[in-house]
Amino acid sequence: FWDIDMPHDNLRERVVVVGYKKFYTLDQNGQETQGNSVAYMQKPGGGEFSAGRLQVTEPMDPESPTRDQRDAAVTFFFENVAEFFFELEVTWIGQSTDEADAEKSQLFF
């Protein structure tokens with residue numbers, strides 16, 4: 001999943017994925033790491049991944065992500081599964097002063 005960010009200072013994108021064997025993240029230099037700007041919380045059968053940084057530009061070429069795009073992404077490894085389930089959500093942080101805030105959010109995967 002790419003572009004797990006905060007498209008506006010009062011919006012946070014969140015992904016919940018279940019059924020994976022392993023997940024990994026990359027640091028800004030492209031090295032596998034135990035964490036990046038995406039916050040992780042273990043959930044039954046999977047995990048929750050939430051944005052930890054503001055406005056990362058959506059990737060145009062997944063083969064050549066920028067440093068910031070790598071920092072706002074999570075990759076999953078599934079083994080012997082025919083399907084998997086995930087939830088995508090945009091959550092409010094505090095109160096909105098702009099009714100169009102939800103339109104400012106995008107998830108790219």
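This report describes the fold, sheet, nonpolar core and salt bridges of a predicted model.

## Overall make-up

The chain has 109 residues, and 34% of them count as buried. Its secondary structure consists of 1 helix and 7 strands. Read from the N terminus, the elements follow the order β-β-β-β-β-α-β-β.

Among contacts in the chain with a separation of 6 or more, 74% are between residues 24 or more positions apart. The accessible surface of the chain is about 6900 Å². Carbon and sulfur atoms supply 48% of that surface.

## The four-stranded sheet

Strands of a sheet pair through backbone hydrogen bonds, in either a parallel or an antiparallel manner. In this model, 4 strands form an open sheet in the order S4-S5-S1-S7, and the pairing is antiparallel. Strand S4 (39-43) and strand S7 (85-92) are at the edges. Each of these two has a single partner strand, so one side of each has no neighbour in the sheet. On average, neighbouring strands of this sheet are turned by 20 degrees against each other, with direction ignored.

Strand S1 covers residues 11-18 and strand S5 covers residues 46-50. The two run antiparallel and are joined by 5 bridges. At one position in this pairing, Val17 has Gly47 in S5 as its bridge partner.

## The nonpolar core

The largest nonpolar core contains 11 residues. They are Phe1, Ile4, Met6, Val15, Val17, Tyr20, Val38, Phe49, Ala51, Val74 and Phe76. Val17, the bridge partner of Gly47, is thus named again here as a member of the core.

Phe49 belongs to this core. Leaving aside residues up to four places away in sequence, Phe49 touches Ile4, Glu13, Arg14, Val15, Tyr20, Phe23, Val38, Ala39, Tyr40, Val74 and Phe76. The contacts of Phe49 include the charged residues Glu13 and Arg14.

## Salt bridges

The model has 8 salt bridges. In one of them, the side chains of Glu32 and Lys22 meet at 3.1 Å, N to O. Glu32 lies in strand S3 (residues 32-33) and Lys22 in strand S2 (residues 22-26), so this pair ties together parts that are 10 residues apart in sequence. Both partners are partly exposed: Glu32 has a relative accessible area of 48%, and Lys22 has a relative accessibility of 42%.

The side chains of Arg53 and Asp71 also meet in a salt bridge, at 2.8 Å, N to O. Arg53 is in the loop between S5 and helix H1 (67-71), while Asp71 is in helix H1, so the pair ties together parts that are 18 residues apart in sequence. Asp71 is buried, with a relative accessible area of 11%.

## A shared network

Arg14, Lys43, Glu48, Glu87 and Glu89 are joined into one network by salt bridges that share partners. Within this group, Lys43 forms a salt bridge with Glu48, and their closest N and O atoms are 3.5 Å apart. Lys43 is partly exposed at a relative accessible area of 29%, whereas Glu48 counts as buried at 13% relative accessibility. Arg14, another member of the network, is also among the residues that Phe49 touches.

Terms used. Residues numbered from 1 in each chain as written. Predicted model: local features only at pLDDT ≥ 70, side-chain atom pairs only at ≥ 80, totals over all residues. Heavy atoms only, no water. Core = buried A, V, L, I, M, F, W, Y, C linked by side-chain atoms within 4.5 Å. Buried < 20%, exposed > 50% of the residue type's maximum accessible area, 1.4 Å probe, protein only. Contact = heavy atoms within 4.5 Å. Pairing = 2+ DSSP bridges. Axes fitted to C-alpha atoms, helices over the stretch in contact; angles between N-to-C directions. Areas by Shrake-Rupley, 256 points an atom, 1.4 Å probe, with all protein chains shown as cover. Salt bridge = Lys/Arg side-chain N within 4 Å of Asp/Glu carboxyl O.
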